[in-house]
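Me: I have a model open and would like to learn how to read its features one at a time. Could you walk me through it?

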Amino acid sequence: MVRFRFRPKKALPDGLWLKCEGCAETVYKKELDANQKVCPKCEYHFPMTAPERIASLLDPDSFAPWFESVRPADPLNFRALKGYAEQLAEAQARTGLSDAIVVGSGRIDGSSLAFSCTDSRFLMGSMGSAVGEKFTRLVERATKEGLPVVSVSGSGGGARMHESSLSLMQMVKVSAALRRHSARGGFFLSILTHPTMGGVLASFASLGDIVIAEPRALLGFTGPRVIRETIRQSLPEGFQSSEFMLDHGLVDKIVPRPHLRATVRQFLEYCAHAS
Ligand SMILES: [Zn+2]
C-alpha cells in the first residue's frame, strides 16, 4: 500500500511564472525574457518597457538620452479621482522615468539614428506637453544632424486628458516637425506595438515613411467598445488589429518582435541612406 504524506506546499517565488494573456497558459518568465517577451506557446507579444525595448533594438550601450530636462507639469491643476501632479509623481517613482517617452541617439549595427520609445507603464504611454516636446525636439535635432528617426509607440492612452487641449496641440506640433523632417529628405520609421491608440496613432505614430506593426496589436483612434456602442453595429472580424490595418493600408508590414531589429536595419539601409 502506498502511503501519501502531505508536505506543506512550497510557495513559488514571486514573478517566476506569468499567465499569458494570449493563451492563458503559464509561462516561465526566464524563457519569456530570453524570447524578447514573446510567448513561446502562442506568440503573444507581452508589453516591453522603454529600457527593454532599447536593449532589444539598439546596439549595446549605444543609447544616449536627449532632452532629459524636459519634464511634465500640471498647468491646469487637474484633478479626477487623484490629482495629476500626484499621478505623475507616482509614475515617476514606479518607472524611474520622468514621463512616458524616452528619446535620444543610438545605433543599430553601427549605424546612427534618433530613437524614441513610449512606455505604457507611465499613464498608459499617453502624450502630454512634455512627451510632445521631447518628440518634437528629437525630430528637429535629427533633421539638423541628418539622422533617420525610429520610434516605437505603445500608447493605449492617446493624448493625455489631464492636460486637455495642451495635449491635443502636441499632435499638430509633432506632425509639423515630421513634415519639416520629410521636406529636408529625412526618413522616419514608426513601429506600432500593442496598444497604440487615440492622439498618438492619429499623429506621429501613423506618419512613418514606413509603418511597421507587431502582430495582433490593437491599433485605432477610439476603442472598439466605444465605437460599437456609438454606432450600434457589429464591427468586422479583427477590427483594429495589426492584420486588419495591414489589409486596409495603415500598416506597411507586420513583423514579429524577434525579427524587428533586422527588419529595421534593412529599412534604414534601403531608405535612410538612399538620398
Ligand atoms: Zn501565450
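Me: Let's begin at the backbone just after helix 7: what phi does R232 take there?
Reply: As a general idea, most residues other than glycine have a negative phi. This is a predicted model, and in it R232, just after helix 7, takes a positive phi of about 55°.

Me: And helix 7 itself, how many of its eight residues are buried?
Reply: The number buried is zero among the eight residues of helix 7 (residues 224-231), so this helix lies largely in the open.

Me: Where else should I look for a positive phi in a residue other than glycine?
Reply: Try D61, whose phi is near 60°. D61 sits in the loop between helix 2 (50-57) and strand 3. Another case is L123, with a positive phi of about 45° although it is not a glycine. L123 belongs to the loop between strand 5 (111-118) and helix 4.

Me: Is D61 buried or exposed? And is L123 buried or exposed?
Reply: Count the C-beta atoms around each one. D61 has 9 other C-beta atoms within 10 Å, so D61 is exposed. L123 has 25 C-beta neighbours inside 10 Å and therefore counts as buried.

Me: What about a residue in a helix, such as R179 in helix 5?
Reply: R179 is found in helix 5 (residues 164-183). R179 counts as exposed because it has 12 C-beta neighbours inside 10 Å, and 12 or fewer is the cut-off for that label. You can also compare sequence and space here: R179 and L207 are 28 residues apart in sequence, and their C-alpha atoms are 9.0 Å apart.

Me: Which residues does the cis peptide bond join?
Reply: The general idea first: most peptide bonds are trans. Here a cis peptide bond joins H194 and P195, with omega about -15°. P195 lies in the loop between strand 7 and strand 8 (196-197).

Me: Now the sheet. In what order do its seven strands come?
Reply: In general, strands of a sheet pair through backbone hydrogen bonds, either parallel or antiparallel. This sheet is open, with the order 3-4-5-6-7-9-11 and mixed pairing. Its edge strands are strand 3 (64-65) and strand 11 (253-254), each of which pairs on one side only.

Me: How many bridges do strand 3 and strand 4 share, and how many do strand 4 and strand 5?
Reply: Strand 3 and strand 4 pair in the antiparallel sense over two bridges. Strand 4 and strand 5 are also antiparallel, over eight bridges. Follow S105 to see both: A64 stands opposite S105 in strand 4, and S105 stands opposite A114 in strand 5. The hairpin of strand 4 and strand 5 has two residues between the strands, and D109 takes a positive phi near 50° in it. As for burial, strand 4 (residues 101-108) is mostly covered, with six of its eight residues buried.

Me: Which strands run parallel?
Reply: Strand 6 (residues 149-153) and strand 7 (residues 188-192) do, joined by five bridges. To find one of the pairs, start at S153: its bridge partner in strand 7 is L192.

Me: Which residues have the most contacts inside the largest nonpolar core?
Reply: That core has 55 residues, and those with the most contacts inside it are F115, F135, L192 and A213. Helix 4 (residues 129-145) gives the most to this core, with six residues. Leaving aside neighbours within four places in sequence, F135 is in contact with I101, V103, S116, V174 and F204.

Me: To finish, how is the whole protein divided?
Reply: There are two parts: domain 1 (14-44) and domain 2 (47-272). Where they meet, the contact takes four residues from domain 1 and seven residues from domain 2. On the side of domain 1 that touches domain 2, the residues divide into one nonpolar, one polar and two charged. The C-alpha centres of the two domains lie 24 Å apart.

Me: And what does the protein hold in helices and strands?
Reply: There are nine helices and 11 strands. The radius of gyration is 20 Å, close to the 19 Å that the globule rule gives for 275 residues, so the protein is as compact as a globular protein of that length. Buried residues make up 40% of the 275 residues.

Methods: Residues numbered from 1 in each chain as written. Predicted model: local features only at pLDDT ≥ 70, side-chain atom pairs only at ≥ 80, totals over all residues. Pairing = 2+ DSSP bridges. Helix = DSSP H or I, 4+ residues; strand = E, 2+ residues; numbered from the N terminus. Rg over C-alpha atoms; globule rule 2.2 N^0.38 Å. Buried ≥ 20, exposed ≤ 12 C-beta atoms within 10 Å, placed from the backbone. Domains from an automatic or database assignment. Contact = placed C-beta atoms within 7 Å. Nonpolar A, V, L, I, M, F, W, Y, C, P; charged D, E, K, R; others polar. Core = buried A, V, L, I, M, F, W, Y, C linked by C-beta atoms within 7 Å.
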